[in-house]
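Here's a quick briefing to read alongside the model. Have the sequence and the 3D view handy as you go.

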Amino acid sequence: MKKIFRDTCILASLMILIVFAFSIIWAGITQEIMLVFQLFGLAFMISIVNNIFDQITSLSIIYSYLVKYILVTSLVIMYGFIVGWFYRTNFWMAFIYVTIVFVLAYFLELSVTKKDIDYINEKIKKRRMQ
């Protein structure tokens, strides 16, 4: 399931980028297209930060999520100020956006991990019986 979800996201991203590339050729860069490219840029930076964080730390899962939440929220706020998403009066919205994404990602990862654990336990049970 995890592979299907990952492949779906990659395929959807490629489709969006290709459609927008043609739209840029014919209509130029609109605000909507710019927003999507900004979101892709932010997602790329978040992926790099998460990857580096995972490689240099060995925190428990709870502390890892907490530190990642703080890092990602800080990155979203800084990036949002740079590209003009947030102002001094509404930067708090980044906490709401990041919280929603983190909760959804956590439950997705939890369900995938549980399925992986069940699969591994089933394999171990079969080996013990043989």
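Helices (H or I, at least four residues) and strands (E, at least two) are DSSP runs, numbered from the N terminus. You're looking at a predicted model, where local features need pLDDT of at least 70, side-chain atom pairs count only at pLDDT 80 or more, and totals for chains, interfaces and linings use all residues. Residues are numbered from 1 along each chain as its sequence is written, and side-chain values use heavy atoms, leaving out hydrogens and water.

**Confidence**
- pLDDT is the predictor's confidence in each residue, from 0 to 100.
- The protein chain averages a pLDDT of 85, with 98% of its residues at 70 or more.
- Among the chain's elements, helix H3 (residues 61–83) has the highest mean pLDDT (89), while H4 has the lowest (82).

**A nonpolar patch**
- Phe81, Phe91, Trp92, Phe95, Ile96, Tyr97, Ile100 and Leu104 make a nonpolar surface patch of about 790 Å².
- To join such a patch, residues need over 30% relative accessible area (Shrake-Rupley method, 1.4 Å probe, only the protein chains shown counting as cover) and no salt bridge (a side-chain nitrogen of Lys or Arg within 4 Å of a carboxyl oxygen of Asp or Glu); nonpolar side chains are joined within 5 Å, like charges within 9 Å.
- Helix H4 (residues 93–129) gives the largest share of the patch, five residues.
- Ile100 lies in H4 and counts as partly exposed because its relative accessibility is 48% (buried is under 20%, exposed over 50%, partly exposed in between).

**Around Gln38**
- Gln38 sits in helix H2 (residues 31–56) and is buried, because its relative accessibility is 15%.
- Leaving aside residues up to four places away in sequence, Gln38 touches Tyr79, Val83 and Trp85 (contact means heavy atoms within 4.5 Å).
- The side chains of Gln38 and Trp85 share a polar contact of 2.8 Å; that term covers a pair of N or O atoms within 3.5 Å, where, within protein, one must be able to donate a hydrogen and the other to accept it, and residues adjacent in sequence count only if both atoms are side-chain atoms.

Terms used
Buried means under 20% relative accessible area, exposed over 50%, partly exposed in between (1.4 Å probe, protein chains only).
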